[in-house]
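Grab a pencil and work through these exercises with the structure open beside you. Try each task before you read its solution.

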Amino acid sequence: NENDGAATEPPDNADGKLDFGILEYVTIFNRESNNQTGSTTTKRINISRVTPPATELTELIDGILGDGRGQRVANAANGTNRSPLEFYLRCKAAGALTEEEFTQIAYEITVSDDPYLYGLINVNTASEAVLACLPGLSDDKAADLVAARATRAQEDTGYAWIVDVIGEPTATAIGPLLTGRSSQVTADVAAVGRHGRGYRREKLIIDQSTGTPQIVYRRNLAPLGWALGSEIREELAQLKKGAQ
């Protein structure tokens, strides 16, 4: 009944296309640990307000980028920062930090003291439709971001690259809403039992934000029907026929 207007439920626009709505673009499973990489106890360094000498920050950066770099970065970032990306842009303008160097420290710094960061959008994986919802980001710019990231390595979690695509003012504005990595993954698993008997499909959401992967959501999708394509179904039919 998805193509008959208001004649039967559900109502639709009769355009011949099945519209799945917004479900695939939203989630309630989205949080990132606010601890430093690889640690379950060491908090990230809060750079929301940098006041040199900023000892903790300089020690962190010296340890990652080399002695002497930390103080230069702290001096460049002096003042208020609303996001790690804004911190980077201030340091970049002063010649104190490159994009590659920011990627090395991006997940060791924060602007929040909360144990988890909620609702950040992963600019390295989010769909064009989701990116277009960011304030000040047009459909065209969202498309540009998706096209630009296609040339990047899949394992790259850096996100300062967006500055070259959308410009510094827009990047600064949406910086508090962004991240470059995700702590949750979705698995849609379909399987058939031995000799083609029995079928199961499950959707799982696995959360790694605590440091230990945990299944936080499980749903049986088998009632939605066969999901493995016609070729596998035909192969199983032949296999079953041979067994008889």
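The model shown here is a predicted one, and the exercises below walk through parts of it.

**Exercise 1. Find out how the strands S9, S10 and S11 are paired.**

Step 1. Start with S9, residues 184-192. Nine bridges tie this strand to S10, and the two run antiparallel. If you want one pair to look for, take Asp 188, whose bridge partner in S10 is Lys 203.

Step 2. Now look at the turn. S9 and S10 make a hairpin with six residues between them. His 195 sits in that turn and has a positive phi of about 60°.

Step 3. Move on to S10 and S11, which pair through six bridges, again in the antiparallel sense. Here Asp 207 has Gln 214 in S11 as its bridge partner.

Step 4. This second pair is a hairpin too, with six residues between the strands. Look for Gly 211, which has a positive phi near 100°.

**Exercise 2. Work out which residues Glu 202 pairs with in salt bridges, and whether Glu 202 is buried or exposed.**

Step 1. Recall the basic idea: side chains of opposite charge can pair when their charged atoms come close.

Step 2. Check Arg 200. Its side chain meets that of Glu 202 in a salt bridge, at 2.7 Å from N to O.

Step 3. Check Arg 218 as well. This residue also forms a salt bridge with Glu 202, and the closest N and O atoms are 2.9 Å apart. The pair links distant parts of the chain: Arg 218 belongs to strand S11 (residues 214-220) and Glu 202 to strand S10 (residues 199-207), 16 residues apart.

Step 4. Sort the residues by accessibility. Glu 202 counts as buried because its relative accessibility is 14%, and the cut-off for buried is under 20%. Arg 200 has 41%, so it is partly exposed. Arg 218 counts as exposed because its value is 51%.

**Exercise 3. Describe the salt bridge between Glu 101 and Arg 69.**

Step 1. Get the distance: the closest N and O atoms of the two residues are 2.8 Å apart.

Step 2. Place the partners. Glu 101 is in helix H4 (residues 99-105) and Arg 69 is in helix H2 (residues 69-76), so the bridge links distant parts of the chain, 32 residues apart.

Step 3. Check the accessibility: both Glu 101 and Arg 69 are buried.

Step 4. Put the pair in context. The whole structure has nine salt bridges.

**Exercise 4. Say where Trp 226 sits and what it touches.**

Step 1. Locate Trp 226 in the loop between S11 and helix H9 (229-243).

Step 2. Judge its exposure: Trp 226 is partly exposed because its relative accessible area is 28%.

Step 3. List the contacts, skipping residues up to four places away in sequence. Trp 226 touches Val 192, Tyr 199, Ile 232, Arg 233 and Leu 236.

Step 4. Add the polar contact: the side chain of Trp 226 reaches the backbone oxygen of Gly 229 at 2.9 Å.

**Exercise 5. Which residues make up the nonpolar surface patch that includes Leu 23?**

Step 1. Name the members: Ile 22, Leu 23, Tyr 25 and Val 26. Together they have about 440 Å² of accessible area.

Step 2. Zoom in on Leu 23, which lies in the segment before strand S1 (31-33). Leu 23 counts as exposed because its relative accessible area is 67%.

Technical notes
Residues numbered from 1 in each chain as written. Predicted model: local features only at pLDDT ≥ 70, side-chain atom pairs only at ≥ 80, totals over all residues. Heavy atoms only, no water. Patch = residues over 30% accessible without salt bridge, like charges linked within 9 Å, V, L, I, M, F, W, Y side chains within 5 Å. Areas by Shrake-Rupley, 256 points an atom, 1.4 Å probe, with all protein chains shown as cover. Salt bridge = Lys/Arg side-chain N within 4 Å of Asp/Glu carboxyl O. Helix = DSSP H or I, 4+ residues; strand = E, 2+ residues; numbered from the N terminus. Buried < 20%, exposed > 50% of the residue type's maximum accessible area, 1.4 Å probe, protein only. Pairing = 2+ DSSP bridges. Contact = heavy atoms within 4.5 Å. Polar contact = N/O pair within 3.5 Å; in protein donor to acceptor, adjacent residues only side chain to side chain.
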